[in-house]
Amino acid sequence: MQGLEERRYDAVLLDDRHHVHPYHTTHLYTENFLLYVHQDDERFIGCTSVAFDQIRDASFLSLPIDCDSTNILKDAFIERGAVYQAENEMEFGSSVLGFIRVWLGIALLPEIFQDGLSPEIKTLPVDGFDVVRELSLVSRDASHHAILLDLLGQSR
């Protein structure tokens, strides 16, 4: 949002539910957060899901602190009487997945990160953690917004 306000960006993809803004916005999709772990992590072998209580005190590989996903997770943990602990903050999602792939941590990430995942990484739903990210296209200009929606196959 700051990039839009500073005119560095014409449009962004983010969860804007908690932002009051004057921009054009269109909801694109909603996705859950999943736990991403190395397939051989003994804590999760044989699991098809995990309970929130199993991970509430864990430290996570994290997207940047100002990322909408990170802020959603921080708020969700607070609502559940816990603190989201970022062990390492990474600039790009692929970096987080790379660290998990070489068994250097776990992460809570949106579902979209499971596209093209390496076989060493598995995802687990988190029971009792019904937290979602609602991704929207947010644009400063109405005509650019319409063009971008068309490019995304979301013509309105």
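## Phe-77 and its aromatic partners

Phe-77 is buried, with a relative accessible area of 0%. Keep in mind that the model you are looking at is predicted. The structure holds six aromatic pairs, and one of them joins Phe-52 and Phe-77 edge-to-face, with 5.0 Å from centre to centre and 70° between the planes. This pair links distant parts of the chain, as Phe-52 sits in helix H2 (residues 52-55) and Phe-77 in helix H3, 25 residues apart. Phe-52 counts as buried too, because its relative accessibility of 6% falls under the 20% cut-off.

Next comes a pair with another geometry. Phe-60 and Tyr-84 are stacked, with 5.5 Å between the centres and 5° between the planes. Phe-60 belongs to strand S4 (residues 59-62), while Tyr-84 lies in the loop between H3 and strand S5 (85-89), so this pair ties together parts that are 24 residues apart in sequence. Both Phe-60 and Tyr-84 are buried. If you step back from the individual pairs, you can pick out a cluster in which ring pairs link Phe-52, Phe-60, Phe-77, Tyr-84 and Phe-129.

## The largest pocket

Helix H3, which holds Phe-77, also takes part in the largest pocket. Here H3 gives the most to the lining, with seven residues. Helix H1 (2-5), strand S1 (11-14), helix H3 (68-79) and strand S8 (132-139) each supply at least two lining residues.

The largest pocket contains about 1,000 Å³ of space. Its lining is made up of 33 residues, and those nearest the centre are Leu-14, Asp-66, Cys-67, Asp-68 and Ser-69. By residue type, the lining divides into 15 nonpolar, eleven charged and seven polar residues.

## Cysteines

How many disulfides does the structure hold? The count is zero. Two cysteines are worth finding on your screen. Cys-67, which you have already met among the residues nearest the centre of the largest pocket, is buried, with a relative accessible area of 18%. Cys-47 is partly exposed at 23%. These two values fall on either side of the 20% cut-off, which is why Cys-67 is called buried and Cys-47 partly exposed.

## Two residues with positive phi

Arg-7 and Trp-103 deserve a look at the backbone. Phi of Arg-7 is near 65°, a positive value in a residue other than glycine. You will find Arg-7 in the loop between H1 and S1, where it is exposed, with a relative accessible area of 61%.

Trp-103 has a phi near 70°, again positive in a residue other than glycine. Its place is in the loop between H4 and strand S6 (107-110). Is Trp-103 buried, partly exposed or exposed? At 46% relative accessibility, Trp-103 counts as partly exposed.

## How confident is the prediction?

The mean pLDDT of the protein chain is 92, and 97% of its residues reach 70 or more. Among the elements of the chain, strand S3 (residues 50-51) has the highest mean pLDDT, at 98. The lowest mean, 85, belongs to helix H4 (residues 93-101). As a general reminder, where pLDDT is low, the predicted coordinates should not be read in detail.

Conventions: Residues are numbered from 1 along each chain as its sequence is written. This is a predicted model: local features need pLDDT of at least 70, side-chain atom pairs count only at pLDDT 80 or more; totals for chains, interfaces and linings use all residues. Side-chain values use heavy atoms; hydrogens and water are left out. A disulfide is a pair of cysteine sulfur atoms within 2.5 Å. Buried means under 20% relative accessible area, exposed over 50%, partly exposed in between (1.4 Å probe, protein chains only). pLDDT is the predictor's confidence in each residue, from 0 to 100. Helices (H or I, at least four residues) and strands (E, at least two) are DSSP runs, numbered from the N terminus. On a 1 Å grid over the protein atoms alone, a cavity is a set of points where a 1.4 Å probe fits but cannot get out, and a pocket is an open set with protein on both sides within 12 Å along at least five of seven lines; lining residues have an atom within 4 Å of a point. Grid points are joined across faces, edges and corners, and a volume is the space filled by probe spheres set on the points. Ala, Val, Leu, Ile, Met, Phe, Trp, Tyr, Cys and Pro count as nonpolar, Asp, Glu, Lys and Arg as charged, and the others, Gly among them, as polar. Rings of Phe, Tyr and Trp (its six-membered ring) pair if their centres lie within 6.5 Å; planes under 30 degrees apart count as stacked, over 60 as edge-to-face and the rest as tilted.
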